[in-house]
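Got your viewer open? Load the model, switch to a cartoon view, and we'll take a walk through it together.

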Amino acid sequence: MKSIAKFALTTVTFTALALGVAAVHAETVKIKVDGMVCAFCAGSIEKKMKANKETAEVFVSLENKIVAVAQKPGQKLDDAKLKAQIADAGYEVKGIERVNATIADIRAEVKAKKS
Ligand SMILES: [Cu+2]
């Protein structure tokens, strides 16, 4: 009985660790975009990014020229595809990187910069 309880506890601990690691490794695609001048620009890019099936969440900062796209668990957005979509919409991609942050993190970061 004692070993079963120990095994159960170990399993619970490992599951919690695995979930914790998954939460820490939230990979978001952070794109620097030139040419967005108004809320309509931001809105149209947001809509385009959301249309991708791999997209979980989108955040656009007009002031900081940032488009952040969070991916669904286990899914990966293609950089070339994102670049093409933004270029097709009439904007210029200045840079694209993967950051270990959530959309909430990036939103907070942008908010902190403003104040
Ligand atoms: Cu605009």
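Here is a tour in a few stops, from the whole chain down to single residues.

**Stop 1: the whole protein**

Keep in mind that this is a predicted model. Colour by secondary structure and you'll find four helices and four strands. Trace the chain from the N terminus and the elements come in the order α-β-α-β-β-α-β-α. There are 115 residues, and 16% of them count as buried. If you look at contacts with a separation of 6 or more, 66% of them link residues 24 or more positions apart.

**Stop 2: the sheet**

Now select the four strands. They form an open sheet with antiparallel pairing, and the order across it is β2-β3-β1-β4. Which strands sit at the edges? They are β2 (55-61) and β4 (92-100), and each of them pairs on one side only. On average, neighbouring strands here are turned by 20° against each other, direction ignored.

Next, pick out β1, residues 27-34. With β3 (residues 66-71), strand β1 makes an antiparallel pair over five bridges. You can check two of those partnerships yourself: Lys-32 is matched with Ile-66 of β3, and Lys-30 with Ala-68 of β3. Strand β1 also pairs with β4, again in the antiparallel sense, this time over eight bridges. For a spot on that pairing, find Ile-31, which stands opposite Ile-96 in β4.

**Stop 3: two helices against the strands**

Select residues 79-88 to light up helix α3. Helix α3 lies across β1 and β4, and runs at about 145° to β4. Then add residues 103-114, helix α4, which packs on the sheet and touches β1, β2 and β3. The direction of α4 makes about 5° with that of β2.

**Stop 4: the nonpolar core**

A bit of background first: in soluble globular proteins, nonpolar side chains tend to be buried together. In this model, the largest nonpolar core has 17 residues. Show side chains for Ile-31, Val-33, Ile-45, Val-67, Val-69 and Ile-86, the ones with the most contacts inside that core. Two or more core residues come from each of β1, α2 (39-50), β2, β3 and α3. Which element gives the largest share? That's β3, with four residues.

Zoom in on Ile-31. Beyond its neighbours within four places in sequence, Ile-31 is in contact with Val-67, Leu-82, Ile-86, Val-93 and Ile-96.

**Stop 5: Val-69**

Move over to Val-69, in strand β3. Is Val-69 buried or exposed? Val-69 counts as buried because it has 24 C-beta neighbours inside 10 Å, and the cut-off for buried is 20 or more. Leaving out residues up to four places away in sequence, Val-69 touches Thr-28, Val-29, Met-49, Thr-55, Val-58 and Leu-77. Try a distance label too: the C-alpha atoms of Val-69 and Ile-103 are separated by 7.4 Å, while the two residues are 34 residues apart along the chain.

**Stop 6: Lys-65**

For the last stop, select Lys-65, in the loop between β2 and β3. Most residues other than glycine have a negative phi. Lys-65 is not a glycine, and its phi is positive, near 55°. How does its surroundings count compare with the cut-offs? Lys-65 has 17 C-beta neighbours inside 10 Å, so it counts as partly exposed.

Conventions. Residues are numbered from 1 along each chain as its sequence is written. This is a predicted model: local features need pLDDT of at least 70, side-chain atom pairs count only at pLDDT 80 or more; totals for chains, interfaces and linings use all residues. A residue is buried if 20 or more other C-beta atoms lie within 10 Å of its own, exposed if 12 or fewer, and partly exposed in between; C-beta atoms are placed from the backbone. Two residues are in contact if their C-beta atoms, placed from the backbone, lie within 7 Å. Two strands pair if DSSP finds at least two bridges between them. Axes are lines fitted to C-alpha atoms, for helices over the stretch in contact, and angles run from 0 to 180 degrees between N-to-C directions. A nonpolar core is a set of buried Ala, Val, Leu, Ile, Met, Phe, Trp, Tyr and Cys residues joined through C-beta atoms within 7 Å.
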